[in-house]
Amino acid sequence: MASKAGGEGKEAINEQVIANTYANMRTEMNQLYTKITELEMEVSEHSLVIGAIEPLDPSRRCYRMIGGVLVERTIKEVLPAVKRNKEGLEEVIARMHEALERKKKEITEFELKYKIRIRKADNDAEDEGGKKEGTAQGVLVGPAVQ
């Protein structure tokens, strides 16, 4: 009997360790998603800058922020650097996508190994969300200017 009680306590600890490990894995995956999104926004900003300065005269002055310092350069000097930075960001994003896929696979294997299932939210919460969405107009009107 004493050994059974000890075994149950150990099993509960193992379940807690498994739950914590799983939560950490999910957190890491969410952090990867967040970082990928952030870097994709940076690539988008780089594309906008490239699109804006590419058709301009290469000898024209432009300003670039380097390490918190605004420096004056020419478009001829800045454009290649911005393109290199964009390419570097795209490579990092590709590697992060690979890491994300590995993490997803690792989580799936972990779920199968320990028979983990995620509970869905109650239908009541979804209905309330739907009601709130339906009543919101999303339009802000200020006073009329005469």
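Lysine 103 counts as buried because its relative accessibility is 12%, below the 20% limit for that class. In this predicted model, lysine 103 sits in helix 2. Once neighbours within four places in sequence are set aside, the contacts of lysine 103 are Met25, Glu28, Met29 and Leu32. This residue makes a handy way into the fold, and the wider architecture follows from here.

The chain holds three helices and two strands, arranged from the N terminus as α-β-β-α-α. Helix 1 covers residues 2–53 and helix 2 covers residues 75–114, while helix 3 takes in residues 123–135. Of the 146 residues in the chain, 17% are buried. The accessible surface amounts to about 12,100 Å², and carbon and sulfur atoms contribute 54% of that area. Among contacts with a separation of 6 or more, 66% join residues that are 24 or more positions apart.

Tyrosine 33 offers a second view of contacts across the sequence. This residue belongs to helix 1 and touches Leu100 and Lys104, when residues up to four places away in sequence are not counted. The C-alpha atom of tyrosine 33 lies 8.8 Å from that of methionine 96, although the two residues are 63 positions apart along the chain. Tyrosine 33 has a relative accessibility of 35% and therefore counts as partly exposed, as the value falls between the 20% and 50% cut-offs.

Part of helix 2 also carries a record annotation. An unreviewed UniProt entry labels residues 86–113 as a "coiled-coil region". In the model, this span is 100% helix and 0% strand, and the C-alpha atoms at its two ends are 40 Å apart.

Arginine 84 is likewise placed in helix 2. With a relative accessibility of 54%, arginine 84 counts as exposed, because the cut-off for that class is over 50%. Between the C-alpha atoms of arginine 84 and histidine 46 the separation is 10.0 Å, and 38 residues separate the pair along the chain.

The two strands come next. Strand 1 (residues 61–66) and strand 2 (residues 69–74) run antiparallel and are joined by six bridges. Within this pairing, arginine 64 has valine 71 as its bridge partner in strand 2, and isoleucine 66 stands opposite valine 69. The strands make up a hairpin with two residues between them, and glycine 67, in the turn, has a positive phi of about 55°.

A positive phi appears again at lysine 115, where the angle is near 55° in a residue other than glycine. Why is such a value worth pointing out? Most residues other than glycine have a negative phi. Lysine 115 lies in the loop between helix 2 and helix 3. Its relative accessibility of 66% is the reason why lysine 115 counts as exposed.

Finally, the pocket analysis brings several of these elements together. The largest pocket has a volume of about 240 Å³. Helix 1, strand 1 and helix 2 each provide at least two of its lining residues, with the largest share, five residues, coming from helix 1. The lining consists of Glu42, Glu45, His46, Val49, Ile53, Cys62, Tyr63, Arg64, Met65, Val78, Val82 and Asn85. Two residues met earlier return in this list, namely His46 and Arg64. The former is the residue whose C-alpha atom is 10.0 Å from that of arginine 84, and the latter is the bridge partner of valine 71.

Definitions and conventions: Residues are numbered from 1 along each chain as its sequence is written. This is a predicted model: local features need pLDDT of at least 70, side-chain atom pairs count only at pLDDT 80 or more; totals for chains, interfaces and linings use all residues. Side-chain values use heavy atoms; hydrogens and water are left out. Two strands pair if DSSP finds at least two bridges between them. Helices (H or I, at least four residues) and strands (E, at least two) are DSSP runs, numbered from the N terminus. UniProt positions are given in the numbering used here, feature names are shortened, and annotations may be inferred rather than shown by experiment. Buried means under 20% relative accessible area, exposed over 50%, partly exposed in between (1.4 Å probe, protein chains only). Contact means heavy atoms within 4.5 Å. Accessible areas come from the Shrake-Rupley method with a 1.4 Å probe; for residues, only the protein chains shown count as cover. On a 1 Å grid over the protein atoms alone, a cavity is a set of points where a 1.4 Å probe fits but cannot get out, and a pocket is an open set with protein on both sides within 12 Å along at least five of seven lines; lining residues have an atom within 4 Å of a point. Grid points are joined across faces, edges and corners, and a volume is the space filled by probe spheres set on the points.
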